[in-house]
Amino acid sequence: MGVQLPADYVAFIERYGACQFARWLSIYDPRRLPKDYRRQAAEWGDDYRDMRDDDPEAYPLAMWPEAGGFLPWGSTIDGEDMGWLTVGDPVDWPVIVLHRHDVAMESVSETMTEFLSGWVSGERYGGRGVDNDGRPLRCVAWE
């Protein structure tokens, strides 16, 4: 990708790879994404830039590889995208959640793994704590 990624994300991907929590929250490993997904991700950034050109108030973010652009690392089945604003050193990149149905963005001053821990524990961000069958959440590898 030509960019240094945050160390906690790299360690997470090396340990778990691309995976899903509760068939709801997916974590990407850009090295393993099928060609179609990589193309869709690039097109998504292009689509967002087009919408931003038409309505900069509604679509205010730069998209990676633009300077300071949003770089996704995950998404939900509800159409929310999670990623970083690539500003400064990767260790300092803020996590951003782009909500599907409104312009609202949620920025947190945590690493990706801190964000996931808060979500998985059910303590923050509308987290679930358990999967759909009532069992503790775990990250299941994509097949």
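The surface that this chain exposes comes to about 8,500 Å², and carbon and sulfur atoms supply 49% of that area. I should say at once that what we are looking at is a predicted model, and that the values I quote were computed from it. Of the 143 residues in the chain, 38% count as buried. As for contacts with a separation of 6 or more, 40% of them are between residues that lie 24 or more positions apart.

Let me turn to the order of the elements. The chain has three helices and seven strands, and if you read along the sequence you meet them in the pattern α-β-β-α-β-β-β-β-α-β.

I would like to begin with strand 5, which covers residues 95-98. In general, the side chains of a regular strand alternate between the two faces of the sheet. Which residues of strand 5 lie on each side, and are they buried or exposed? Val95 and Val97 are on one side, Ile96 and Leu98 are on the other, and all of them are buried, with the result that both faces of the strand are covered. The partner I want to show you is strand 4, residues 81-85, which pairs with strand 5 in the antiparallel sense over four bridges; within this pairing, Gly83 stands opposite Ile96.

Strand 4 also brings us to the aromatic residues. The count of aromatic pairs comes to six. One of them is formed by Trp73 and Trp84, whose ring centres are 6.4 Å apart and whose planes stand at 50°, so this pair is tilted. Because Trp73 belongs to strand 3, residues 70-76, and Trp84 to strand 4, the pair ties together parts that are eleven residues apart in sequence. Trp84 pairs with Trp93 too, and here the centres are 5.6 Å apart with the planes at 55°, so that pair is likewise tilted.

How buried are these three residues? Trp73 has a relative accessibility of 0% and counts as buried, Trp84 is buried with a relative accessible area of 2%, and Trp93 is buried at 5%. Taken as a group, Tyr9, Trp73, Trp84, Trp93 and Phe115 are linked by ring pairs into a cluster.

Finally, a polar residue, for which we go back to strand 2, residues 25-27, where Ser26 lies. Ser26 has a relative accessible area of 9%, and because buried means under 20%, Ser26 counts as buried. What does its side chain contact? The side chain of Ser26 is joined to that of Gln20 by a polar contact of 3.2 Å.

Terms used. Residues are numbered from 1 along each chain as its sequence is written. This is a predicted model: local features need pLDDT of at least 70, side-chain atom pairs count only at pLDDT 80 or more; totals for chains, interfaces and linings use all residues. Side-chain values use heavy atoms; hydrogens and water are left out. Buried means under 20% relative accessible area, exposed over 50%, partly exposed in between (1.4 Å probe, protein chains only). Helices (H or I, at least four residues) and strands (E, at least two) are DSSP runs, numbered from the N terminus. Two strands pair if DSSP finds at least two bridges between them. A polar contact is a pair of N or O atoms within 3.5 Å; within protein, one must be able to donate a hydrogen and the other to accept it, and residues adjacent in sequence count only if both atoms are side-chain atoms. Rings of Phe, Tyr and Trp (its six-membered ring) pair if their centres lie within 6.5 Å; planes under 30 degrees apart count as stacked, over 60 as edge-to-face and the rest as tilted. Contact means heavy atoms within 4.5 Å. Accessible areas come from the Shrake-Rupley method with a 1.4 Å probe; for residues, only the protein chains shown count as cover.
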